[in-house]
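User: Hi! I have a fold open on my screen and would like to talk through it with you. Could we begin with the charged pairs?

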Amino acid sequence: MDHSGHGMTMDLPPFTLGRGLEWSADPFFLVACLVGLALYGWGVVRLVRRGDKWPVGRTVAYVIGVLSIMLMMCTRLNDYGMVMFSVHMVQHMVISMVSPILILLGAPITLTLRALPTAGRGRKGPRELLLMFLHSRYMRIVTHPAFTIPLFIASLYGLYFTPLFDTLMGSKAGHVAMMVHFLAVGLVFFWPIMGVDPGPNRPGYLMRMLELFAGMPFHAFFGIALMMASEPMVETFKNPPASLGVEALSDQNAAGGIAWAFSEIPSVLVLIALLFQWYASDQRQARRKDRAADRDGDKELEAYNAYLASLNGQGR
């Protein structure tokens, strides 16, 4: 059976990295990625033309994030991922954990808000509607840890260990929907933790680290479960095509190893991003205090000195 609709996956030769990286575009993801890059580029050009600055690092992060999705979905990795659990797991881990982090570091919502014109007093244009959506009750719910962490976990256990995965893998539309879901879950999970864009439910930095570590261990446990299994656990990958020369259980063990190893990568990336954001936030706060002191003649320091003088006077 040809699971994918991408071509004759039954006749794929044994997997090598070179074969996996050959071009084989999924039309949906190709169009979506190109549109995403074009819109981001439009926003940056619009800002630059009116004399505003946009950090180069954000652009680089966003572009690499989108290209990482294209790498997973517009090469033969996508074809091999239909019949090899290990290759599918690479797709899943990159699209759900690496791509979202890079895209969020690119601050696409902030760019959109700065690039879109205001509609004028009393009117609501795209910019105003986006702001309303960002501050809506819906967004407060879907970005709350009580929602994001269970969703993050259920996307592993509730998908792979139920018949839902086999159903989705049985059609091209189902496969695309599953990959879109992985990306969306990653964006929703990481946005409140380390996203640059404005949004609800943005706790302090220590709480954000706790949120990160609350979700990541479950990826490791999932990987260990696959590695320790004594028989294939997912129907789709129980009978890989003979042309691949792959044994189902060893391929599943490799998939488990990939899931386990990938749980460390986003943790490190997000912690680095959080530490930089924390440092930058402290610097901004210090600069605000300095400017306030310059404006009011440092009344806070004067009051403190007067307090010390009064204590000194009482001591005498």
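User: What does Arg 76 form with Glu 22, and how far apart are the closest N and O atoms?

Analyst: Arg 76 and Glu 22 form a salt bridge, with 3.7 Å between the closest N and O atoms. Please keep in mind that this is a predicted model. The pair ties together distant parts of the chain, 54 residues apart. Arg 76 sits in the loop between helix H3 (56-73) and helix H4 (77-80), and Glu 22 in the loop between helix H1 (17-20) and helix H2 (27-49).

User: Is Arg 76 buried, exposed or partly exposed? And what about Glu 22?

Analyst: Arg 76 is partly exposed, at 25% relative accessible area. Glu 22 counts as partly exposed too, with 36% relative accessibility.

User: Which Asp does Arg 76 form a salt bridge with?

Analyst: That would be Asp 79, and the closest N and O atoms of this pair are 3.4 Å apart. Asp 79 counts as buried, with a relative accessibility of 3%. Through shared partners, the salt bridges join Glu 22, Arg 76 and Asp 79 into one network.

User: Nice. How many salt bridges are there in the whole structure?

Analyst: A search of the whole structure gives four. One of them pairs Arg 50 with Asp 52, where the closest N and O atoms are 2.6 Å apart. Arg 50 is partly exposed at 42%, and Asp 52 is partly exposed at 27%.

User: Switching to cysteines: how many disulfides turn up?

Analyst: Zero, after searching the whole structure.

User: Why is there no bond between Cys 33 and Cys 74?

Analyst: Their sulfurs are too far apart for a bond: the cysteine sulfur closest to that of Cys 33 belongs to Cys 74, and the distance is 5.9 Å. A disulfide needs the two sulfur atoms within 2.5 Å, so this pair does not count as one. Seen from the other side, the closest cysteine sulfur to Cys 74 is the one in Cys 33.

User: Are those two cysteines buried or exposed?

Analyst: Cys 33 is buried, with a relative accessible area of 5%. Cys 74 is buried as well, at 0%.

User: OK, on to empty space. How much of it lies in the largest pocket?

Analyst: The largest pocket holds about 830 Å³. It is lined by 31 residues, and those closest to its centre are Ile 103, Pro 108, Leu 183, Ala 184 and Leu 187.

User: Which helix gives the largest share of that pocket's lining?

Analyst: Helix H11 does, with eight residues. Several helices supply at least two residues each, among them H2, H3, H5, H6 and H9.

User: And what classes of residue line the largest pocket?

Analyst: The lining has 26 nonpolar residues, four polar and one charged.

User: How many cavities of 30 Å³ or more does the structure hold?

Analyst: Just one. The largest cavity has a volume of about 50 Å³. Its lining is made up of His 92, Ser 96, Phe 152, Ser 155, Leu 156, Phe 182, Val 185, Gly 186 and His 219. By class, these divide into four nonpolar and five polar, with no charged residues.

User: Which helices supply at least two residues each to the cavity lining?

Analyst: Those are H5, helix H9 (145-160) and helix H11 (172-194).

User: Back to the backbone for a moment. What is the phi of Ala 107?

Analyst: Phi is near 50° there, a positive value in a residue other than glycine. Most residues other than glycine have a negative phi. Ala 107 lies in the loop between helix H5 (85-105) and helix H6 (108-115), and is buried with a relative accessible area of 0%.

User: Last one. Where is Gln 252, and is this residue buried or exposed?

Analyst: Gln 252 is in helix H13, which covers residues 248-262. With a relative accessible area of 1%, Gln 252 is buried.

User: What is Gln 252 in contact with, leaving aside neighbours within four places in sequence?

Analyst: Gln 252 is in contact with Phe 85, Leu 226, Ala 229, Glu 231, Pro 232, Met 233 and Val 234.

Conventions
Residues numbered from 1 in each chain as written. Predicted model: local features only at pLDDT ≥ 70, side-chain atom pairs only at ≥ 80, totals over all residues. Heavy atoms only, no water. Helix = DSSP H or I, 4+ residues; strand = E, 2+ residues; numbered from the N terminus. Buried < 20%, exposed > 50% of the residue type's maximum accessible area, 1.4 Å probe, protein only. Salt bridge = Lys/Arg side-chain N within 4 Å of Asp/Glu carboxyl O. 1 Å grid on protein atoms, 1.4 Å probe; cavity = no way out; pocket = protein on both sides within 12 Å on 5 of 7 lines; lining within 4 Å. Points joined across faces, edges and corners; volume = space filled by probe spheres on them. Nonpolar A, V, L, I, M, F, W, Y, C, P; charged D, E, K, R; others polar. Contact = heavy atoms within 4.5 Å.
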